Amino acid sequence: MGLSLSICNRAMRSSAIHSYLRAPGGRPMGRPGVRSYTTIQYSESDLDFVLATEKDFGQVESLFNAETDYMLSSYHSWLRERNRVVILSKRQGQVIGLGSAHIVDDGHTALIELVKVAASEWGKGVGRLLHKKCIKLMRAMSPEVQKQSFVTALKIYRGYRVLSKQSRSFLRVPSINVPTLISEVISNMKKRGDEYYEPIPLQPDDVPSIFLNRTVIDTLLPGGRIIQRGSVFKPLESNLDILLSRDIVWRADRKGNPQALSLGSAPNRGPMGNRIFVIDVFGDDLSAVKSVFLSQLQSLPPLQDNVICLLSVNPSLSPQMWEFCINEMGLEKGKTHLMNRYIAEGDMSVIMAKL
């Protein structure tokens, strides 16, 4: 199915889309932005749901205040992306939540990429309502949407099945000469006799032949999925077209029979001024994983800012990679050192019944 609906332009004229967003004006229930310790749960009539615009960015920015909030950097590009919705929940004119979802997998899956709620509104049901609105809009855009997927830190998410998991490390790259550091680390590895692969930069023409290879899908990709910056995609040509349109560094330890693959997202500035570099590595061969990780760091442009690296690897390698990064490379621990991320998927009919 050729999906051509753009939420940024055509959806603005679509009464079908906007019918899902209309809600009566909210009744006064406390001041927005002030933390409440009551058990109030919002209903749809308490909030206004609108399509996000460029003009909303100032308020949206206030939702992101953690040093690893890299998703804010996607806001402007999301507004222009086809087959995507970006929804804001407002309370008395103030933005208190944002949800974004994308139709992927040849039009059959609603990928929930972000549900963000102001800290003052946590626990009041805003996230659930945003989630519900995103799903309804996905169904309006494409009736063929059958499944819903996302990456979550929660092991158990009602109505979903876990396909696989990754382990994410939060690391700080000190303000040093990164190329020199990487050269020294590689030299030390070779002196010890450690196996080292010279990683291959993958060109756009290389990507389909590797990522659509059945052996690669079954042995390297977690749950048979491509993970990029917290988003999950089936290995399909249409999804690779989406990923190849993004600013991604693709690496493999070798083109033939690869043992490790990696996607690195361009460093984005976080809300606290840090540069955030997200690296997803696939494979369970430790030497190959180390090699593609080092190659990703080598691809970094010269940066004066302190760089935060969010590294995701197979959980079986997490302890060894943590040891390697901290003790051998001299990288610094972040506030949240390690966490698991679960790749979850569910049937749309089941999820809608629970929302």
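Helices (H or I, at least four residues) and strands (E, at least two) are DSSP runs, numbered from the N terminus. In those terms, S62 sits in the loop between α2 (57-61) and α3. This is a predicted model, in which local features need pLDDT of at least 70, side-chain atom pairs count only at pLDDT 80 or more, and totals for chains, interfaces and linings use all residues. Residues are numbered from 1 along each chain as its sequence is written, and side-chain values use heavy atoms, with hydrogens and water left out.

**Three loop residues**

Accessibility is sorted with a 1.4 Å probe on protein chains only: buried means under 20% relative accessible area, exposed over 50%, and partly exposed in between. The table gives the values for three loop residues.

| Residue | Loop | Relative accessible area |
|---|---|---|
| S62 | between α2 (57-61) and α3 | 46%, partly exposed |
| N83 | between α3 (75-80) and β2 (84-91) | 12%, buried |
| Q92 | between β2 and β3 (94-104) | 47%, partly exposed |

N83 is not a glycine, yet its phi is positive, at about 60 degrees. Q92, also a residue other than glycine, has a positive phi near 55 degrees. S62 is 209 residues from P271 along the chain, and the C-alpha atoms of the two are separated by 9.0 Å.

**Helix α9**

The expected span of a helix is 1.5 Å times one less than its number of residues. For the 13 residues of α9 this gives 18 Å, which agrees with the 18 Å between its end C-alpha atoms. Eleven of the 13 residues of α9 are buried, so the helix is mostly covered. Among them are S287, A288, V292 and L297. The buried residues of α9 pack against α5 (178-191), β10 (248-252), β11 (261-265), β13 (275-282), β14 (307-313) and α10, where contact means heavy atoms within 4.5 Å.

**Helix α9 against helix α10**

Helix α9 (residues 286-298) and helix α10 (residues 318-328) pack at an angle of about 50 degrees, and their axes are 11 Å apart. Axes are lines fitted to C-alpha atoms, for helices over the stretch in contact, and angles run from 0 to 180 degrees between N-to-C directions. The angle makes α9 oblique to α10, since angles under 35 degrees count as roughly parallel, over 145 as roughly antiparallel, 65 to 115 as roughly perpendicular and the rest as oblique. On the α9 side the contact is made by L286, V289, K290, F293 and L294, and on the α10 side by Q320, M321, F324, C325 and E328.
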